[in-house]
Amino acid sequence: MSDYVALDGLTLAYGKTVAVEGLDLSIAKGELITLLGPSGCGKSTTMRAIAGLMTPSAGRIVIDGRDVTRLPPSKREVGLVFQSYALFPHLTVYENVAFGLRLKSAPDLDAKVRDGLATVGLTEFADRAPRDLSGGQQQRVALARSLVMEPKVLLLDEPLSNLDARLRLEMRMELQRVQKETGITMVFVTHDQAEALALADRIVLMRDGAIEQMGTPEEIYSAPVSGFAADFIGFETILPDGAGGGLAWRPGAVVLGSGPNQGTVRGTAFAGERREYILDSPLGTIKADTPAGAAPLEIGQSVAFDLPRERAAHLARLD
Ligand SMILES: Nc1ncnc2c1ncn2[C@@H]1O[C@H](COP(=O)(O)OP(=O)(O)OP(=O)(O)O)[C@@H](O)[C@H]1O
């Protein structure tokens, strides 16, 4: 893989707090990478460093063959879109999108702005004020404003998290379309695994300021390397394999009602198409579900279950 963007041994600290340590990551041109992980794992800090808002205490950042580690944000050709759109309220949509281009005295300004508005489907809204737009439309303006600057890398830090569920899904698809259409290299931060799986060419799963696992959505979804990765991606029953590693099952992979093990129902919840159960068993806590049509189990009821090995993910590490 070519290194269009390379982070080499990047260490990032706030005073004495080391937020990211020795991070190595290389990103290909046109790739959409998601940084995924729980709150505090260092996703935003990594973004700030790529954008130039933070100076690394060690390591370097290369973008398109140029070492940008010591360059100010304005010289990096990096765009940034946050969850808050930060549009100028007194400027029209058109002027918001034109703003950065005017500062640069860019040629062909009008064509670029019109192009940007068309890309995000807002041609008709050019003369509106931001307050007369929905949240999703405002986020599109923020996206267009970054796109027209033709950044080498576009960084998106939880850009959809202020939107309601339906709009979020719509914008997710929109973003994917724009990315494929423009071919812009994107780094997208989220703590939402479904969002990461749906969007990414490659997922970087972070933990405590380091990379836990990197892979395609399919790899991350089906072959987590550790208990942490498995847990984060929806494997809810995780048990030691007796050889230092672990075995992990998604709730749907656990067989309820038959099998060599016995458990007691501790909790149950209706979840639409499925009914979810938590069982106490000599093996540990088991999370299972059944189709909603199956006869419900009562709390306190004893039930047989099976953990089929062929349906387990094999974890190299249990932690
Ligand atoms: N300005 C700051 N000063 C001191 N420590 C900070 C600062 N910003 C972040 N940190 C610490 O750095 C670590 C990484 O934070 P970061 O914001 O990068 O995490 P994150 O993965 O983006 O989390 P979230 O999903 O909550 O935004 C955390 O331990 C956090 O407490």
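Which residues does UniProt list for "domain: ABC transporter"? The unreviewed entry gives 5-233, so select that span to begin the tour. Keep in mind that you're looking at a predicted model.

**Stop 1: the annotated span**

With residues 5-233 highlighted, find the two ends: their C-alpha atoms lie 26 Å apart. Colour by secondary structure and you'll see 35% helix and 27% strand in this stretch.

**Stop 2: helix H1**

Now pick residues 43-51, which make up helix H1. Show the side chains of Lys43, Thr45, Thr46, Met47, Ala49 and Ile50; these residues are buried. Step just past the end of H1 to Gly52, where the backbone takes a positive phi of about 95°.

**Stop 3: two domains**

Next, colour the chain by its domain assignment: domain 1 is 5-222 and domain 2 is 227-315. Their C-alpha centres sit 38 Å apart. Where they meet, 8 residues of domain 1 are in contact with 6 residues of domain 2. On the domain 1 side, the elements giving two or more residues are strand S9 (202-207), strand S10 (210-215) and helix H7 (217-222). Helix H7 gives the most to that side, with 3 residues.

**Stop 4: the core**

Stay with both domains and look inside. The largest nonpolar core has 84 residues, and the members that touch the most others are Val97, Ala144, Leu155, Val187, Val204 and Ala248. Domain 1 and domain 2 both give residues to this core, so it lies between them.

Zoom in on Val97 for a closer look. Leaving out residues up to four places away in sequence, Val97 touches Val113, Gly116, Leu117, Val141, Ala144, Arg145 and Val148. Ala144, one of those contacts, is also on the list of core members that touch the most others.

**Stop 5: Gln193**

Move on to helix H6 (residues 193-199) and click on Gln193. Is Gln193 buried or partly exposed? Gln193 counts as partly exposed, because there are 19 C-beta neighbours inside 10 Å, and a buried residue needs 20 or more. Turn on its contacts: beyond residues up to four places away in sequence, Gln193 touches Leu36, Phe232, Ile233 and Gly234. Try the distance tool on Gln193 and Gly234: they're 41 residues apart along the chain, yet their C-alpha atoms are separated by 8.7 Å.

**Stop 6: a three-stranded sheet**

Finish in domain 2, which covers 227-315. Select 237-240 (strand S11) and 313-315 (strand S17), then add 246-249 (strand S12). Together they form an open sheet in the order S11-S12-S17, with antiparallel pairing. S11 and S17 stand at the edges with a single partner strand each, so one side of each is left without a neighbour in the sheet. From one strand to the next, the twist averages 25°.

Follow the pairing strand by strand. S11 and S12 share 4 bridges; among the partners are Ile238 with Ala248 and Pro240 with Gly246. The hairpin of S11 and S12 has 5 residues between the strands, and Gly242 there takes a positive phi near 85°. On to S17, which is joined to S12 by 3 bridges, with Ala313 standing opposite Ala248.

Last, rotate to view S12 from each face. Gly246 and Ala248 are buried on one side, and Leu247 and Trp249 are buried on the other, so to speak covering both faces. Ala248 is a good residue to end on: it pairs with Ile238, stands opposite Ala313, and belongs to the largest nonpolar core.

Methods. Residues numbered from 1 in each chain as written. Predicted model: local features only at pLDDT ≥ 70, side-chain atom pairs only at ≥ 80, totals over all residues. Pairing = 2+ DSSP bridges. Axes fitted to C-alpha atoms, helices over the stretch in contact; angles between N-to-C directions. Core = buried A, V, L, I, M, F, W, Y, C linked by C-beta atoms within 7 Å. Buried ≥ 20, exposed ≤ 12 C-beta atoms within 10 Å, placed from the backbone. Domains from an automatic or database assignment. Contact = placed C-beta atoms within 7 Å. UniProt positions renumbered as here; feature names shortened; annotations may be inferred.
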